Amino acid sequence: SMARSASPGRKRERGEGGQTGKHGGEGLVWACVYTALFVIVPTLCLWYKHHEAHQAVLFNWTYLLLSLFVVINTMISVWEIALHIYSRHITDSFRQLKKRTAPGTFPPIFMFQPVTFREAMSLKYWSNVWILYSLFDESYSDPKSYGFWIDSGNGFSTLVPGIAFVLGLTYDLMEPRNLGLIGMLQFYQEFYGTVLYFWSFFYNRRWEDHGWHGHNANVIFATVVVSNGIWFAGPGLG
C-alpha cells in the first residue's frame with residue numbers, strides 16, 4: 001500500500017485494489033461515477049451529432065448500439081494500456097492483496113470508494129481494475145499469460161481504429177468501404193480474442209486460483225461472462 005498527503009497535516013492511505021482509508025474530504029465522488037461519465041457523455045454527444053449531421057432518425061438502433069460499444073471499448077482500451085504500463089505494480093500489488101484477502105472473498109471494491117479528480121485522470125489509478133480482476137483470473141497479474149497479452153495488446157491496437165470508426169460512422173470522414181475495412185479488422189480481432197480468452201479461462205479453471213467455489217464461483221462466472229460477453233455482442237453487431 002502507499003500513503004500520500006491528502007492535505008496539509010492529514011494523511012490518506014490507499015491499498016492494492018483501490019482500497020481506501022480516510023479521505024479527509026478530498027475524494028469527491030465514487031470512481032464508478034467517473035466511469036459512467038466517461039461512457040455516457042461521449043455517447044450522448046455522438047448520438048446528437050449523428051442525428052444533426054445526417055438528419056437521421058434519433059433512435060437508429062444499429063448506430064446507437066455500435067457507438068455505445070466503441071465508446072466502452074475506448075475506455076477499456078485505456079485501462080488495458082494501464083495494464084501493460086503498470087504491469088509490475090499490478091503484480092506486486094496483487095500479491096499483497098491476496099495475502100490480506102481470504103480465499104473466496106472480496107476486498108473492498110475501489111469502484112465504490114471516493115476518488116479525487118486528479119487520481120481519476122491518472123492512468124495508474126485505473127490499473128486498480130486489473131488488481132481487482134486478478135481475483136477472478138490471476139493471469140492479469142502475470143505478464144507471461146495469454147490473458148495479459150490479449151488485453152494489453154487490444155488496448156494499443158484498437159484504441160485509434162475504434163475512435164476513427166465511430167467518428168466515421170458519425171461524420172462523412174472517409175469512403176464507406178474504408179470505414180467498413182477498419183470495422184471488419186477491429187471487430188474480428190476483438191471477437192477472436194474474446195473467444196480464446198473464454199476458452200483459456202474455463203479450460204484452465206482460473207476461478208480456482210483464489211478458491212472460488214459453489215455460489216461464489218457462480219457469481220464469478222456470471223461476472224466474467226457478462227463483462228466479456230460485451231465483446232461478443234459488439235463485434236458481432238459490427
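Is C32 buried, partly exposed or exposed? With a relative accessibility of 22%, C32 counts as partly exposed, because the label "buried" is kept for residues under 20%. Another cysteine, C45, is partly exposed as well, with a relative accessible area of 44%. You might now wonder about bonds between cysteines. A disulfide is a covalent bond between the sulfur atoms of two cysteines. This structure holds 0 disulfides. Please keep in mind as you read that the model is predicted.

Let us step back and look at the whole chain. The secondary structure comes to 8 helices and 4 strands. If you follow the sequence from start to end, you meet these elements in the pattern β-β-β-α-α-α-β-α-α-α-α-α. The chain has 238 residues, and 44% of them count as buried. Its accessible surface comes to about 12800 Å², and carbon and sulfur atoms account for 65% of that area. How much of the contact pattern joins residues 24 or more positions apart? Among contacts with a separation of 6 or more, such pairs account for 73%.

Now let us go inside. In soluble globular proteins, nonpolar side chains tend to be buried together. Here the largest nonpolar core has 46 residues, and the members that touch the most others are W79, F110, W126, W130 and V224. Several helices each supply at least two residues of this core: α1 (31-54), α2 (61-85), α3 (87-100), α5 (128-133), α6 (146-170), α7 (176-203) and α8 (214-237). The largest share comes from α2, with 11 residues. To see one of the well-connected members in place, find V224 in the structure. Once its neighbours within four places in sequence are left aside, V224 is in contact with Y133, F136, Y197, F198, F201 and G229.

A second good place to look is A31, which lies in helix α1. Its relative accessible area is 0%, so A31 is buried. Which residues does A31 touch, apart from its neighbours within four places in sequence? The answer is F110, M111, Q113, V115, Y125 and W126. Two of these names, F110 and W126, also appeared among the core members that touch the most others. The fold also brings A31 to a C-alpha distance of 7.1 Å from A120, although the two are 89 residues apart in sequence.

A similar pairing can be found with R88, in helix α3. The C-alpha atoms of R88 and P143 are 8.5 Å apart in space, while 55 residues separate the two along the chain. Unlike buried A31, R88 is exposed, because its relative accessibility is 69%.

Nonpolar residues are also found on the outside. W30, V33, L37, V41, I109 and F112 form a nonpolar patch on the surface, and together they have about 530 Å² of accessible area. Helix α1 gives the largest share of this patch, 3 residues. W30, in turn, is found in strand β3, which covers residues 29-30. At 44% relative accessibility, W30 counts as partly exposed.

Finally, let us turn to the charged residues. Side chains of opposite charge can pair when their charged atoms come close. The count in this model comes to 6 salt bridges. One of them joins the side chains of R95 and D92, at 3.9 Å from N to O. Why are these two about one helical turn apart? R95 and D92 are 3 residues apart in helix α3, so about one helical turn separates them. R95 counts as exposed at 52% relative accessibility, whereas D92 is partly exposed at 39%.

Another salt bridge links R205 and E208, with an N to O distance of 2.7 Å. R205 sits in the loop between α7 and α8, and its backbone has a positive phi of about 50° although R205 is not a glycine. Both partners are partly exposed: R205 has a relative accessibility of 41%, and E208 has 35%. R206 also takes part in this kind of pairing, meeting D209 in a salt bridge of 3.6 Å, N to O. D209 counts as partly exposed at 31% relative accessibility. Which residues make up the network of salt bridges that includes R206? The linked residues are D137, R206 and D209.

Definitions and conventions:
Residues numbered from 1 in each chain as written. Predicted model: local features only at pLDDT ≥ 70, side-chain atom pairs only at ≥ 80, totals over all residues. Heavy atoms only, no water. Core = buried A, V, L, I, M, F, W, Y, C linked by side-chain atoms within 4.5 Å. Buried < 20%, exposed > 50% of the residue type's maximum accessible area, 1.4 Å probe, protein only. Contact = heavy atoms within 4.5 Å. Patch = residues over 30% accessible without salt bridge, like charges linked within 9 Å, V, L, I, M, F, W, Y side chains within 5 Å. Areas by Shrake-Rupley, 256 points an atom, 1.4 Å probe, with all protein chains shown as cover. Salt bridge = Lys/Arg side-chain N within 4 Å of Asp/Glu carboxyl O. Disulfide = S-S within 2.5 Å.
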